[in-house]
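This note is addressed to a colleague who meets the structure for the first time. The points below may be read alongside the model.

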Amino acid sequence: MRWLLRKKTESNRKSTRIFFATDIHGSEPCFLKFINGATFYKADIIILGGDITGKQIVTIENHQGVWHAHLFGQIWTASTPEELTRLESHVRSNGYYPVQVTQEERVELEADPIKVELLFTKLINETVTRWLRMAEERLRDLPVKCFISPGNDDQFYLDKILQESDVVIYPEGQIIDLDGTHTMASCGFANMTPWHCPRDVGEDELSARLETMLANLEDPSRCIFNFHAPPYDSTLDIAQELDANLKPVMVGGQPHSIPVGSRAVREMIEKYQPLVGLHGHIHECRGVIELGKTICINPGSEYSEGILRGVLVNILDGELLSYQFVSV
């Protein structure tokens, strides 16, 4: 846990408390914890900073009345409806999408990548839509703003689903008012990764996107940058170096780590000096760094364990009063 206290500006205004989390990658327990964070942490604003969808389908095959699923190198079975429900819940908690199939359907999927992609899209749409309905039900009557951003891993069809909610706010590519005093600029695109994710772009394109958005920014000192990619060489972006075959590069018998964040993001932070930078993308790099006057934070991610890592940020009249890492 890190905690920062700064001299409080003389003001009669109430501070704004923000709960920020990111990179849940389809984990349903993490999403529910994020939504519940509004009341649990008494937050005025909750922000989910990108990479909200999962990466894999898990087929659950019915064979002579017993359901079988392959997960983490093991075979999981269910022989009653209750056990099947628990098995599906276990799959979802790890960020995967369970789907019940017959043996014939499984064989068809294994032989046809297009069918797999269509099914994957369908399951993501259904899951995110269901999540949004839960968020709307729990947050509608609360005095809280909920922002959910796409990340570089998220497909573009996700944007339309997020935009259709009348409770959850879709902030991508916009400068949005937070509390009448502070604003937030959001970007889920990231610099190129070895996996060439849907929103991976070159640094020049990312820089142009950010500049276009920030051209409308009136007061950077009262703005929060909700940028999925962390700034380059900031300690918030250290990951294993991979070769052309996506294998770890070894130096002296040990995996070699390098900074993999965005140079464009760092350039924008150094140029505009926002109040706070909220980032994710690199799950293992939970931490904080100062870039000039800006405090940049990556709360990290442990979604596969069902643990939601986040950060509470308190701001008032253009000042960062405090921040605190939390896990639930």
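1. Some angles between helices and strands are quoted below; axes are lines fitted to C-alpha atoms, for helices over the stretch in contact, and the angles run from 0 to 180 degrees between N-to-C directions. With that convention, helix H7 (residues 263-272) lies across E13, E19 and E20 and runs at about 175° to E13. The reader should keep in mind that this is a predicted model.

2. The strands just named belong to an open sheet of six strands, with the order E9-E10-E13-E18-E20-E19 and mixed pairing. Its edge strands are strand E9 (175-177) and E19, each of which pairs on one side only. Neighbouring strands of this sheet are turned by 20° against each other on average, direction ignored.

3. Within this sheet, strand E10 (residues 183-187) and strand E13 (residues 223-227) run parallel and are joined by five bridges. Cys187 has Phe227 as its bridge partner in E13. Helix H6 (residues 203-214) lies across E9, E10 and E13, and its direction is at about 155° to E10.

4. Is strand E20 enclosed by the rest of the structure or not, and why? Buried means under 20% relative accessible area. Five of the five residues of E20 (residues 294-298) are buried, so the strand is largely enclosed by the rest of the structure. In a regular strand, side chains alternate between the two faces of the sheet. In E20, Thr294, Cys296 and Asn298 point one way while Ile295 and Ile297 point the other way, and all are buried.

5. Two strands pair with E20 in different senses: strand E18 (residues 276-278) does so in the parallel sense, over three bridges, whereas strand E19 (residues 287-291) runs antiparallel to E20 and is joined to it by five bridges. On the E18 side, Gly277 stands opposite Cys296 in E20. On the E19 side, Val288 stands opposite Ile297 in E20. E19 and E20 form a hairpin with two residues between them, and Gly292 in the turn has a positive phi of about 65°.

6. The loop between E18 and E19 contains His281. Is this residue buried or exposed? His281 has a relative accessibility of 14% and therefore counts as buried. The side chain of His281 is joined to that of Asn152 by a polar contact of 3.4 Å. Not counting residues up to four places away in sequence, His281 touches Asp23, Asn152, Ala190, Thr193, His228, Ala229 and Pro230.

7. A further open sheet consists of four strands in the order E5-E4-E3-E6, again with mixed pairing. Strand E5 (74-78) and strand E6 (97-101) are the edge strands, each pairing on one side only. From one strand to the next, the twist averages 25°. Strand E3 (residues 57-63) and strand E4 (residues 66-71) run antiparallel and are joined by four bridges. Glu61 has His68 as its bridge partner in E4. Helix H3 packs on the sheet and touches E3 and E6, with its direction at about 125° to that of E6.

8. Helix H4 also involves these strands: H4 lies across E3 and E6, running at about 120° to E6. How, then, do the two helices meet? Helix H3 (residues 103-111) and helix H4 (residues 113-139) pack at an angle of about 110°, with their axes 5 Å apart. Angles of 65 to 115 degrees count as roughly perpendicular, so H3 is roughly perpendicular to H4. Glu108, Leu109 and Ala111 of H3 make the contact with Pro113, Lys115, Val116 and Leu119 of H4. By class, this contact of H3 with H4 has five nonpolar, no polar and two charged residues.

9. Finally, Gln100 in strand E6 merits attention. Its relative accessible area is 38%, so Gln100 is partly exposed. Gln100 and Val58 are 42 residues apart in sequence and 8.7 Å apart in space, C-alpha to C-alpha. Leaving aside neighbours within four places in sequence, Gln100 is in contact with Ile60, Trp67, Leu84, Glu88 and Glu105. With Glu88, the side chain of Gln100 makes a polar contact of 2.8 Å, side chain to side chain.

Notes
Residues numbered from 1 in each chain as written. Predicted model: local features only at pLDDT ≥ 70, side-chain atom pairs only at ≥ 80, totals over all residues. Heavy atoms only, no water. Buried < 20%, exposed > 50% of the residue type's maximum accessible area, 1.4 Å probe, protein only. Pairing = 2+ DSSP bridges. Polar contact = N/O pair within 3.5 Å; in protein donor to acceptor, adjacent residues only side chain to side chain. Contact = heavy atoms within 4.5 Å. Parallel < 35°, antiparallel > 145°, perpendicular 65-115°, else oblique. Nonpolar A, V, L, I, M, F, W, Y, C, P; charged D, E, K, R; others polar.
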